[in-house]
Amino acid sequence: MASQDWFDKDFYATLGVSKDASDADIKKAYRKLARKYHPDQNPGDAAAEAKFKEISEANSVLSDPEERKEYDAVRAMGGGARFTAPGGAGAGGFEDVFGGMFGQQGAGGTRYTFRQGGGGGDYDDLLGGLFGGGRFGQPTGGYRGYGGPTKGRDVAASTTLDFVTATKGDRITLQTAEGREISVNVPAGVADGQKIRLRGKGHPSPDGGEAGDIVLTVKVRKHPVFERDGLNLRVTVPVTYAEAALGATIQVPTLGGEPVKLRVAPGTPSGRVLRVKGRGVETKKGTGDLLAIVQVAVPAHLSKDAEEKLREFAAQLPDENPRDDLLAKARSA
């Protein structure tokens, strides 16, 4: 946007906020107006489309702290001032803007000499002092600083993935609010709450610069069997009392593959972790393991014969309390 436009347009009035409005107030006002005048809400309405462009232009400047500071500085130089050639028809010109600052009066009004090249005191030095070292005359017109045209605004979005897609990765298609389809490469191992930046897919630049980005927040649905633990996958595996006490070979599920066999050693307690190397999350940074957590399943119903045999078995056990150590630690803490 040219600096001339910054004199002509009152962006605060466009958004309906005061000049000392906070960033939150500006954002709130913009969103309210954007919803009202968005082309999707007003198909074929040229006036609404023009209004939407005006409020988008105003927001692109006022939502950027640096641009807002520059805009306020330009507007503060005097209402109605214009960057026009000296001696041209009509009032105004560089004299209107800088006359009060330097006071160099000559015949016919204030005049300035802007020297090009070395030796100091050139055109760029004067304007650079006003605008923090920037330059006029950028290809896009107006003051833009060394950075060139303004980048378009980023867009925040979210999507929900199933557990397998988030773990193994895939290419998915999303649809924007404008109905535009975007192809997204979901990397393997993306975590719940992770953000993916889609460069150049956000709002277009107001002055010919690069488009903004879409910042996509990923939500991952829970899996009925597996849980993520970094690059590892955790699964709780129930075993019978007899398998835990006597030992057994059991089958353990894997994510999207065939079950694997694991050996449960005799006397394995609940909570013991059995590790299957290389069957976790596979990413460019590495591959995790499958962690099988043993859970001893206690039978809910026993026949009278089984109950009697279990009592006989309990009578043969050593006379010790497995909670003695726990109680002692609690008392000494």
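What percentage of the 333 residues in the chain is buried? In this predicted model, buried residues account for 33% of the chain. The secondary structure consists of 11 helices and 15 strands. The points below cover the chain as a whole, one strand pair and one surface patch.

**Chain overview**
- The exposed area of the chain is about 20,700 Å², of which carbon and sulfur atoms supply 51%.
- Of the contacts between residues at least 6 apart in sequence, 51% join residues that are at least 24 apart.

**Strands β10 and β11**
- Strand β10 spans residues 248-254 and has one covered and one uncovered face.
- The covered face of β10 carries Ala-248, Ile-250, Val-252 and Thr-254, whereas Thr-249, Gln-251 and Pro-253 lie on the uncovered face.
- Strand β11, residues 257-264, runs antiparallel to β10 and is joined to it by six bridges.
- Gln-251, a residue of the uncovered face of β10, stands opposite Lys-261 in β11.
- The two strands form a hairpin with two residues between them, and Gly-256 in this hairpin adopts a positive phi near 75°.

**Nonpolar surface patch**
- Tyr-241, Leu-302, Leu-310, Phe-313 and Leu-317 make a nonpolar patch of about 450 Å² on the surface.
- Leu-302, one of these patch residues, is located in the loop between β15 (290-297) and α10 (304-315).
- Leu-302 counts as partly exposed because its relative accessibility is 41%, a value between the 20% limit for buried residues and the 50% limit for exposed ones.

Notes
Residues numbered from 1 in each chain as written. Predicted model: local features only at pLDDT ≥ 70, side-chain atom pairs only at ≥ 80, totals over all residues. Heavy atoms only, no water. Buried < 20%, exposed > 50% of the residue type's maximum accessible area, 1.4 Å probe, protein only. Helix = DSSP H or I, 4+ residues; strand = E, 2+ residues; numbered from the N terminus. Pairing = 2+ DSSP bridges. Contact = heavy atoms within 4.5 Å. Areas by Shrake-Rupley, 256 points an atom, 1.4 Å probe, with all protein chains shown as cover. Patch = residues over 30% accessible without salt bridge, like charges linked within 9 Å, V, L, I, M, F, W, Y side chains within 5 Å. Salt bridge = Lys/Arg side-chain N within 4 Å of Asp/Glu carboxyl O.
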